Amino acid sequence: MSDGQNQGFFKKFFGEFKTFISRGSVLDMAVGLVVGSAFTAIINSLVDDILMPIIGAILGGLNFRMLNVEIPWGKHPTIYFGSFISAIITFLGTAFCVFLVVKAVNTLKNLRKKEEEEAKAPEVAADIALLTEIRDLLKSQNGEPAPEVQAAAEKFCTSCGAKVPEGNQFCQNCGQKI
C-alpha cells in the first residue's frame, strides 16, 4: 500500500470509529459499564464484609476466604474453594439486583405504554354515540341485526380468506375446514 492509500484507509477507519462512538447507544453502554463496575464493588463489599461473616458465624466461625484444600503432591499447591464460593454468591447477588432493576424498568415501560394506549383511544362524541344507538335500535326494530352482532356472525377462511356463511363448517371456495 502506498502512503496515500494508508492515509485514506486510516481516515475512513477513524471516521467510522467516530461515528460508532458518537451514537447514543454506545454512550449509554459506556455509562452502564461504569455504573455496573461501581455497583459490583458495592455487591462485593456486601458479600465479603456482611454476608460471608454472618454465614461463617452461623456455621461455627468459618472464614470462607480461608477454606481450602492442599494437594499432597508436588509443591503442595492449595485450592481456595472458599473464595470461589464467595465469588458465586457475589455473582448471584449482582444478578439478582440487575434482575430487579430490569424488572422495574420493564414495569415502568409497560405503565407508560398502557397510558399511551389509553390516551390514543378516541372518545366518541356524545351526539355520535346517541346517533349510533338510534341507528342500531331502528335496525333491530326492522329485524336487521345490529352491526356488532352481524360482524360476530361473519367468519372467514383461515386458508384463503374467503367469507364463510354462518353455520358452514367448510369453506365453499377452497374446502378448508373452519
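This is a short tour of the structure above, stop by stop, with a selection to make at each one.

**Before you start: colour by confidence**

The model you have open is predicted, so begin by colouring it by pLDDT. The protein has a mean of 80, and 90% of its residues reach 70 or more. Now select helix α5, residues 147-153: confidence is lowest here, at a mean of 53. Strand β1, residues 69-70, sits at the other end of the scale with 91, the highest in the protein. Where pLDDT is low, the predicted coordinates should not be read in detail.

**Stop 1: helix α1**

Select residues 3-21, which make up helix α1. Next, show the side chains of Phe 9, Phe 10, Phe 13, Phe 14, Phe 17, Phe 20 and Ile 21; together they make a nonpolar patch of about 700 Å² on the surface. Click on Phe 20, which belongs to this helix. Phe 20 counts as partly exposed because its relative accessibility is 39%, and exposed would need over 50%.

**Stop 2: the loop after β1**

Move on to His 76, in the loop that runs between β1 and β2 (78-79). Check its backbone angles: phi of His 76 is near 55 degrees, a positive value in a residue that is not glycine. His 76 is also partly exposed, having a relative accessible area of 41%.

**Stop 3: Tyr 80 and helix α3**

Select Tyr 80 in the loop between β2 and α3. Tyr 80 is partly exposed, at 42% relative accessibility. Then follow helix α3, residues 81-120, as far as Glu 117. What kind of charge gathers on the surface at Glu 115, Glu 116, Glu 117 and Glu 118? These four glutamates form a patch of negative charge.

**Stop 4: the salt bridge**

Which residue pairs with Asp 136 in a salt bridge? Its partner is Arg 135, and the closest N and O atoms of the two are 3.0 Å apart. The structure holds 1 salt bridge, so select both residues and have a look. Side chains of opposite charge can pair when their charged atoms come close. Is Asp 136 buried or exposed? Asp 136 counts as buried because its relative accessibility is 15%, and the cut-off for buried is under 20%. Arg 135, in contrast, is partly exposed at 37%.

**Stop 5: Gly 143 and two long distances**

Finish in the loop between α4 (126-141) and α5, where you will find Gly 143. Gly 143 is exposed, with 64% relative accessibility. Draw a C-alpha to C-alpha distance from Gly 143 to Asn 68: the two lie 88 Å apart in space and 75 residues apart in sequence. For a second line, join the C-alpha atoms of Tyr 80 and Asn 142, which are 62 residues apart along the chain and separated by 88 Å.

Definitions and conventions:
Residues are numbered from 1 along each chain as its sequence is written. Side-chain values use heavy atoms; hydrogens and water are left out. Patches are made of residues with over 30% relative accessible area and no salt bridge: like charges are joined within 9 Å, nonpolar side chains (Val, Leu, Ile, Met, Phe, Trp, Tyr) within 5 Å. Accessible areas come from the Shrake-Rupley method with a 1.4 Å probe; for residues, only the protein chains shown count as cover. Lys and Arg count as positive and Asp and Glu as negative; His and the chain ends are not counted. The place of a charge is taken as NZ of Lys, CZ of Arg, CG of Asp or CD of Glu. Helices (H or I, at least four residues) and strands (E, at least two) are DSSP runs, numbered from the N terminus. pLDDT is the predictor's confidence in each residue, from 0 to 100. Buried means under 20% relative accessible area, exposed over 50%, partly exposed in between (1.4 Å probe, protein chains only).
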